[in-house]
Amino acid sequence: MHHGGHGMDGMNMDLPPFTLGRGLEFGGDPFFLVGCLLGLLLYGWAVLRLRRRGDEWPVGRVVAWVIGVLSVALVMCTKLNDYGMAMFSVHMVQHMVISMLSPILLLLGAPVTLALRALPTAGRGRKGPREILVALLHSRYMRIITHPAFTIPLFIASLYALYFTPLFDFLMESRAGHIGMMVHFLAVGLVFFWPIMGVDPGPHRPGYVMRMLELFAGMPFHAFFGIALMMATQPMVGTFLHPPASLGIEALSDQTAAGGIAWAFSEIPSVVVLIALVYQWYKSEERQSQRADRAADRNGDQDLAAYNAYLASLNARGQ
């Protein structure tokens, strides 16, 4: 790793040893700060628009969205972002939150459904934002990038191809590269979990069993990636080879910690998503049985009416 020439190395040189308190101080990466604020504002605007119309929007979705946006801000707009430049373990926390936790929370906020309901329809023959969104949802491009045959390998490549090749070091050399990488992690998480969460309409609507299979197809690779880092006997990533002396850490033990974080985190989405899926499944079963009950009620009334008519006809004959 060549030092000097990068503002980032200069910034990292005098980082005090990591503590949670220091990590959670406000760091203010402008790109993600603006993105998070926009995310909250646009969502809030859309919900208000529905409310004014007299439409309901579940509070749970608002809460999920807000926590999702805050989880991105937590790892990108605090000093964690600075520490993540010098410490593999902190970087791994950023990566895991933004690719595994934030996407699930954001998707539970059902942003696509909200956009489709809040955006006004353009006049006949005109194309407004809503028409563009609908066209995008139905496009072949969307069908490909949300297909499990694409998202699962992409999810896996984001780990192996990135960290075990020189690509990671290249991206970490510039602020733009680092931001690009984090946006990529978020985007990959979103397209991977989108069909699995099944809250928003999308090109793929797999059934519950299929969705669980898709979820479990990606996770072992994730766990193995963490284990590979934990087992490694030498530092694998150039960027984190020479941590600033002021941090008082050792590259190899920090990498082991990073591997442990990646391994532990591979379980979190499985649990969260599984709970969400079981709940959705239960709700849909409940809806179906309610439908059946209602149908039975209606038919029951018909049967009763027919029986009464039959009795009446017997009665008429008897006179």
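In this predicted model, the number of salt bridges comes to 2. Side chains of opposite charge can pair when their charged atoms come close, and both pairs can be described in turn. One salt bridge joins R53 to D55, with a separation of 2.9 Å between the closest N and O atoms. R53 has a relative accessibility of 45% and is therefore classed as partly exposed, and D55, for which the relative accessible area is 26%, is likewise partly exposed.

The other salt bridge links K283 with E286, and here the closest N and O atoms lie 3.7 Å apart. K283 and E286 both belong to helix α15, which covers residues 268-318, and they are 3 residues apart in it, a spacing of about one turn of the helix. Because a salt bridge is counted when a side-chain nitrogen of Lys or Arg is within 4 Å of a carboxyl oxygen of Asp or Glu, the 3.7 Å between K283 and E286 falls within that cut-off. K283 is partly exposed, at 31% relative accessibility, and E286 is also partly exposed, with a relative accessible area of 27%.

Charged residues also gather in patches on the surface. A patch of negative charge brings together D293, D297, D301 and D303. Of these residues, D301 can be placed in helix α15, and with 53% relative accessibility D301 counts as exposed, since the exposed class begins over 50%. A positive surface patch, in turn, is made up of R287, R291, R294 and R298. R287 is another residue of helix α15, and its relative accessibility of 45% makes R287 partly exposed.

A nonpolar patch is found on the surface as well, where I227, M230, M231 and W263 together make up an area of about 400 Å². Helix α13, which runs over residues 208-231, provides the largest share of this nonpolar patch, namely 3 residues. M231 is located in helix α13, and with a relative accessible area of 63% M231 is exposed.

Helix α14 consists of 15 residues, numbered 251-265, and the distance from its first C-alpha to its last is 21 Å, which is close to the 21 Å expected at 1.5 Å a residue. Several positions in α14 are buried, among them A251, D254, Q255 and A258, and the buried residues of this helix also include G259, G260, A262 and F265.

Two alanines in other parts of the chain can be described in a similar way. A73 is situated in helix α4, which spans residues 59-76, and with a relative accessible area of 18% A73 is buried, because the buried class covers values under 20%. Along the chain A73 and Q280 are 207 residues apart, and their C-alpha atoms are separated by 28 Å. A110, by contrast, is part of a loop, the one between α6 (88-108) and α7 (111-118). The phi angle of A110 is near 50 degrees, which is a positive value in a residue other than glycine. A110 is buried, and its relative accessible area is 0%.

Note on methods: Residues numbered from 1 in each chain as written. Predicted model: local features only at pLDDT ≥ 70, side-chain atom pairs only at ≥ 80, totals over all residues. Heavy atoms only, no water. Buried < 20%, exposed > 50% of the residue type's maximum accessible area, 1.4 Å probe, protein only. Helix = DSSP H or I, 4+ residues; strand = E, 2+ residues; numbered from the N terminus. Patch = residues over 30% accessible without salt bridge, like charges linked within 9 Å, V, L, I, M, F, W, Y side chains within 5 Å. Areas by Shrake-Rupley, 256 points an atom, 1.4 Å probe, with all protein chains shown as cover. Lys, Arg positive; Asp, Glu negative; His and termini not counted. Charge placed at Lys NZ, Arg CZ, Asp CG, Glu CD. Expected span 1.5 Å × (residues − 1).
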